[in-house]
Each structure stands twice: as structure tokens, then as C-alpha cells.
Amino acid sequence: MNGFSVVGFNWESSPAATELEIVVMEWLSKLLQLPKSFSFSSDSGGGVMHSTTCEAFVCTLLAAKEKILDPIGRDKAEKLVVYCSDQTHFSFQKSVKIVGINPKNIRHVLTSKSTNFRLTPQSLDEMIKRDVEVGLVPMYLCATVGTTSTTAVDPLGPLSEVASAYNMWVHVDAAYAGSACICPEFRHFLNGVEGASSFSFNAHKWLLTNLACCCLWVKDKFVLTKPLTTNSEYLKNKATDSGHVVDYKDWQISLTRRFQPLKLWMVLRSYGETGLREVIRKHVKMAKDFEELVTLDKRFELIVPRYFSVVCFRVCPYVIGKKYDYDPEANEFNEKLLESVNATGCAYMTHSVVGGVYFIRFAVGATLTEDRHVAMAWELVKNQATSMLYTPTPKL
């Protein structure tokens, strides 16, 4: 998968692996128009490739934990609190437990349909104030650009302002949607990222790169590496001692490293920024076409606005004779509809539940997907729904 079985844990063992990783991370930073503070060209910023977002969570959580405990004392560890929305990926909660934060101190701030399931600064601030009043210590906020269930986008700027008032670490998780932000028309979703402490996205999700490849940037590499640094005698060398090279073994959990940048370098060189943007735009266009088909059939409804290439929809409750959005029977009907669609083997879709509503998720992201596949998928959904409802398709 990575071309060469090099041992890239420090610069001396494989200068090419380290230097290529730095180059690729700088290329991506420019594509995403990240602030200079995240770049190696700044005094303390830089980027690294991890395998997964979970690893990025663990490393940044550990950095935030060590940073805040140094001045207040390690006996205060039980008072540390982390914050996220109820739409944040479950791997965040797992990562918090791994770094030793009390599970009772994980705050899931509630979101609602009225705000399209975004984390609001007001709700966050209210929860933080309640914790501070009882002597707890706010430590870390995870904001998301493109949540898993509905691709909701949290307001990065306002959230960072709230967190900065409490000296908290802010991490932006753009695992899925970050790839889209290489397109100028989607870059506004990252507005406010300059207020964050770290930012990550997964190139293996929507940037045509093989699993696994999570790209992480930090403003302060020294804070990140301090709790992760290893200085055994047999690892000492003149290059490291000079302080002029990057030893990525101190930027991650394990010592061993794969030649991660090679596969991403190949993608960037093969497609170029123009080619990658064309792929993203094509996928978004196909999702938009599917969205329009859904809206034209009055038996269906969209659950949330479509921002990227995921369409969240369901059969309306009133179509199956139900009056309330949260009626369990409406959820059951849509669950069976999804099962029947996937059982055909012609298309595969997924589901989620937000606000008590079960819905279907249609996602476009494969390189070989064409317009005909989108049309086929909609016909499949529509016909399966018609069969289950025993009603003719309404005339437009």
C-alpha cells in the first residue's frame, strides 16, 4: 500500500519519508488555505499523517491535558472536562477514555433541528459556566465540519471565541467534509479555523487515498510532542540533536511509522488540484441531482439541508398515515425501506437517527459513480417505497 517498507520513525532512518511527508502536508495546507500558524513555515506549527481521526483525537487530547495540568497540578486531573456536541463521532468519546479523562466529565451539548444540528456557542457557554461554578476545569472542545449523521457544520469562529475565554484546546474534526474545502466554493465552511488549536481531516474518505490516512495540523508542535517524545540512547543522533529536523515518532502514539505520504503524494501528483476539485464537484453535483429527485416526489422529505454529497431523506410520516414526526411506526417503515433497498444488491445506503427520527443517507463518493447510477438508485428507492405503500407514484 505504501510502496516501500521503510523504517521512518525518525529523520535519520529515512530522510525521504520525513521530508516527503512535510512537503505533502504543506501542499494540502495551501490547498485548504489553512492559516500560516498551522504551517511548518511558522515558528511552531506543522502537520503530520496519522492513520485515523481517533489517533488525532488521542494525541491532541493528551497534549491539551498535559498543557493544562502543568500549571494547576496533576492532582486536578479528575476535574478536567471535555466538550462536544451530541452529533460528534463516537470515536471522540473512546479517545477521551483512552487518555484518562473521567467518563463522567464528557459533555455532549444537545443540538436540535432548528439549528440543523449544529453546536451553538450559547449552549456551549452555558454548559461550561455550570461546570466552572462547581470547580471543574474546561480542557478541550471538539468542533465538527461535516458530522457523520447529517454533515452538519459547527460555527468554528464563535465556538473558538467561547473556548478561548476559558483557555481551552479547540480541535476541528473535518474527517469527511474537509476534502471538499479544497474547492473555493466550500472553503467558507472552514471560516474561523484560525481560532482552533488543531485541525484534521481524512484523505481516505473523499480525497481518493487508500486507507488509512488522517492529516493533522497543530499550531504548537512543541505542546503536541512534549508528552509523546522518546529519547532513548539508541535513538540519539546528530540530526535530531541539532533540532533542525522533524522526528515524527514524537508526533504520534507508536514509534513505528509507515511511508504514509507516498500514496497521498501520488494522488496529488496524478490529479493535481484541478483534477481533485473536479472529482469533488462532480460528486456534489450528483448528490444535488438526487436531492432534487427526492424533493419532486411529495411522498419523501429531506431531513436537513444538503451541504456536500450526502442526502438525508425519508418517506414522510403522513404518507403512511402517521401524524407525528417521532412516531415509532414511521421510523420502522423507513428502516424496512432501507433494508429492502440494500437487499437488492444494486445499491447500498446507510441510516442514522437524529432528534428521534430515523432516516436514510445517500452518499456519493466513489470515483466510478456516474449519473446513471444516481438515477438507478432513486428509481430503486422510489419503486421499493411504492411497493411497500401499495400506492401509485404521484404525478408531477
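Which residue of E11 does Val-353 stand opposite? The close-ups below, all taken from a predicted model, begin with that spot.

**View 1. The E10–E11 hairpin, with Val-353 facing Tyr-358.** The residue opposite Val-353 is Tyr-358 in E11. Strand E10 (350-354) and strand E11 (residues 357-363) run antiparallel here, held in register by five bridges. Further along the ladder, Thr-350 has Arg-361 of E11 as its bridge partner. Just two residues separate the two strands of this hairpin, and in the turn Gly-355 takes a positive phi of about 60°. For orientation, strands of a sheet pair through backbone hydrogen bonds, in either the parallel or the antiparallel sense.

**View 2. The four-stranded sheet around E11.** Zoom out a little and the hairpin turns out to be part of an open, antiparallel sheet ordered E8-E9-E11-E10. Strand E8 (300-302) and strand E10 (350-354) are the edge strands, each pairing on one side only. On average, neighbouring strands here are turned by 40° against each other, ignoring direction. E11 also pairs with E9, again antiparallel, over four bridges; one place to look is Val-310, whose bridge partner in E11 is Ala-363. Why is E11 largely enclosed by the rest of the structure? Six of its seven residues are buried, so there's little of E11 left uncovered.

**View 3. Two helices on the four-stranded sheet.** Helix H10 (residues 328-343) packs on this sheet and touches E8, strand E9 (310-315), E10 and E11. The direction of H10 makes about 25° with that of E11. Helix H11 (residues 371-389) lies across E8, E9 and E11 and runs at about 125° to E8.

**View 4. H11 and what covers it.** H11 is 19 residues long and spans 27 Å from first C-alpha to last, close to the 27 Å expected at 1.5 Å a residue. Its buried residues include Val-374, Trp-378, Val-381, Ala-385 and Leu-389, and Lys-382 and Thr-386 are on the buried list too. Which elements help cover them? H9, E8, E9, H10 and E11 are among those that do. Right after the helix comes Tyr-390, with a positive phi of about 55°.

**View 5. The seven-stranded mixed sheet.** This is another open sheet, with mixed pairing and the strand order E1-E7-E6-E5-E4-E2-E3. At its edges stand strand E1 (46-50) and strand E3 (106-109); each has a single partner strand, so one side of each is left without a neighbour in the sheet. The twist averages 20° from one strand to the next. Strand E6 (residues 198-202) and strand E7 (residues 214-218) are an antiparallel pair joined over five bridges, with Ser-200 standing opposite Leu-216 of E7. Helix H4 (residues 121-133) packs on the sheet against strand E2 (80-85), E3 and strand E4 (137-144), and its direction makes about 150° with that of E3.

**View 6. The largest nonpolar core, seen from Phe-201.** This core has 66 residues, and Leu-28, Phe-199, Phe-201, Cys-215, Trp-217 and Leu-264 touch the most other members. Helix H9 (residues 260-296) makes the largest contribution to this core, with seven residues. A second, separate core holds 35 residues, including Phe-40, Val-48, Leu-80 and Met-139. Back at Phe-201, which residues does it contact beyond its neighbours within four places in sequence? Among them are Leu-28, Leu-32, Ala-174, Ala-175, Gly-178, Ser-179, Leu-207, Cys-215 and Trp-217.

**View 7. Phe-189 meets Phe-308 in an aromatic cluster.** There are 18 aromatic pairs in the structure. The one in this view is tilted: the rings of Phe-189 and Phe-308 are 4.9 Å apart centre to centre, with 55° between their planes. Phe-189 sits in the loop between strand E5 (169-173) and E6, and Phe-308 in the loop between E8 and E9, so to speak a link between distant parts of the chain, 119 residues apart. Are these two residues buried or exposed? Both Phe-189 and Phe-308 are buried. Ring pairs join Phe-189 and Phe-308 with Tyr-176, Phe-186, Trp-206 and Tyr-307 into a cluster.

Methods: Residues numbered from 1 in each chain as written. Predicted model: local features only at pLDDT ≥ 70, side-chain atom pairs only at ≥ 80, totals over all residues. Heavy atoms only, no water. Core = buried A, V, L, I, M, F, W, Y, C linked by side-chain atoms within 4.5 Å. Buried < 20%, exposed > 50% of the residue type's maximum accessible area, 1.4 Å probe, protein only. Contact = heavy atoms within 4.5 Å. Pairing = 2+ DSSP bridges. Axes fitted to C-alpha atoms, helices over the stretch in contact; angles between N-to-C directions. Expected span 1.5 Å × (residues − 1). Phe/Tyr/Trp six-rings, centres within 6.5 Å; stacked < 30°, edge-to-face > 60°.
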